[in-house]
Amino acid sequence: MKKMLWKCFICCVSGKKQEKRHSRDYPWETYTLKDLLHATNNFHNDNKIGEGGFGSVYWGRTSKGNEIAVKRLKAMSAKAEMEFAVEVEILGRVRHKNLLGLRGFYAGGDERLIVYDYMPNHSLITHLHGQLAADCLLDWPRRMSIAIGSAEGLAYLHHDANPHIIHRDIKASNVLLDTEFEAKVADFGFAKLIPDGVTHLTTRVKGTLGYLAPEYAMWGKVSESCDIYSFGVLLLEIISARKPLEKLPGGVKRDIVQWVTPYVQKGVFDHIADPRLKGKFNRDQLRSVVLIALRCTDSNPENRPSMVEVVDWLKGGVGRRTKEITGAEDMVDEEDEDNDDNDTNFERCRMEQSNFRRRRT
């Protein structure tokens, strides 16, 4: 696996002959360092739209007038080069409406740059916990659409990509939103390619606390089921706007599954919904999505559904009787089973978006 990725990386940074071969194999655009410096105003701080352990992401506009996002790796090391090679290799393979595609890249000297389409509605995390949270742009239908879109992107990685791909870092900051709030799963720097016939790998733990499956966090055992666990956490986060991991008084930490479980046991699903929705959500859908999330976050990976099943439940199963879509119904008190059956009329939350991007010259 590593040899294949290093071979890809060598092709990325070597001479013109290899560049021509790549441009024929993949529909990537060719960028020079000068192009990307000009597009991002020399990676000016005013153009920065994201930052993480890998480096920074900058907004830019090409000479053709196209808006782009440029990921600039922080420092050159064997680890950074490997993550760059992994992401370029995987993004070159995948084509799906719910995956952030690769526009191009630049590799030369000490610079490793990856170019994507710019997502004007930023990441899901900015709407749940960040600068756009107060604007409440995510009404219930949008949240359901984002959940379904993210699930479809993951299902493609697990079942349709060849070889199959495990993302390993599913979280709210890695779900981007386009103009229509369509979900785009992004950031494949930690992803793993899974050859046919291989059910799991043992590897160093990567990812984000609060989203990690127990068997992965403890033993480094990674499989598609790890992504499914992370997606279950993400589902709960989407509908509740609670953080995956919160610190309680005394320094005790509680994850979102522990937080939601007592409400499910009592059948008081309304307490789980984001208060900013002000009751404007479909209660049948809320109940179904919570129970799907609990199936995804089962402590036993063998009990978790596949992403194909999750997509089916979210698309066709939302509104279907709980017992037909999940085995988690035994957590709900029978006396509360028929509560909140009526749908609510959907109204959009306040639509005036704050001025998130700084003025650019």
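**A tour of the aromatic pairs and the sheet**

Begin by selecting Trp140 and Phe281, both of which are buried in this predicted model. Show the two rings and look at how they are placed: their centres are 5.9 Å apart and their planes stand at 50 degrees, so the pair is tilted. Now colour by secondary structure, and Trp140 is found in helix α6 (residues 140–160), whereas Phe281 belongs to the loop between α9 (256–266) and α10 (283–296), so the pair ties together parts that are 141 residues apart in sequence.

Keep Phe281 on screen and add Arg283, whose charged end sits over the ring of Phe281 at 4.7 Å from its centre. Then select Arg142 together with Phe181, where the arginine lies over the face of the ring, 3.8 Å from the ring centre.

The structure holds four aromatic pairs, and another of them is reached by selecting Phe43 and Tyr58, which form an edge-to-face pair with 5.1 Å from centre to centre and 65 degrees between the planes. Phe43 is in the loop between α3 (33–39) and β2 (48–52) and Tyr58 is in strand β3 (residues 55–61), so that the pair, with its members 15 residues apart, links distant parts of the chain. As for burial, Phe43 and Tyr58 are both buried.

From Tyr58, widen the selection to the sheet, an open one in which six strands run in the order β1-β5-β6-β4-β3-β2 with mixed pairing. At its edges stand β1 (29–30) and β2, each with a single partner strand, so one side of each is left without a neighbour in the sheet. Next pick out strand β4 (residues 67–73) and strand β6 (residues 111–117), which pair in the antiparallel sense over five bridges; within this pairing, Ile68 can be selected to see that it stands opposite Asp117 in β6. Adding helix α4 (residues 78–93) shows what packs on the sheet here, since this helix touches β4, β5 (102–108) and β6, and its direction makes about 30 degrees with that of β6.

Finish by colouring the model by confidence: the mean pLDDT of the protein is 82, and 78% of its residues reach 70 or more. Select residues 318–326, where the pLDDT is below 50 and the stretch has 19 contacts in the model beyond near neighbours in sequence, and then residues 333–361, where the pLDDT is likewise below 50 and the contacts beyond near neighbours in sequence number 60. Where pLDDT is low, the predicted coordinates should not be read in detail.

Note on methods
Residues numbered from 1 in each chain as written. Predicted model: local features only at pLDDT ≥ 70, side-chain atom pairs only at ≥ 80, totals over all residues. Heavy atoms only, no water. Phe/Tyr/Trp six-rings, centres within 6.5 Å; stacked < 30°, edge-to-face > 60°. Helix = DSSP H or I, 4+ residues; strand = E, 2+ residues; numbered from the N terminus. Buried < 20%, exposed > 50% of the residue type's maximum accessible area, 1.4 Å probe, protein only. Lys NZ or Arg CZ within 6 Å of the ring centre and 35° of its normal. Pairing = 2+ DSSP bridges. Contact = heavy atoms within 4.5 Å. Axes fitted to C-alpha atoms, helices over the stretch in contact; angles between N-to-C directions. pLDDT = per-residue confidence, 0-100.
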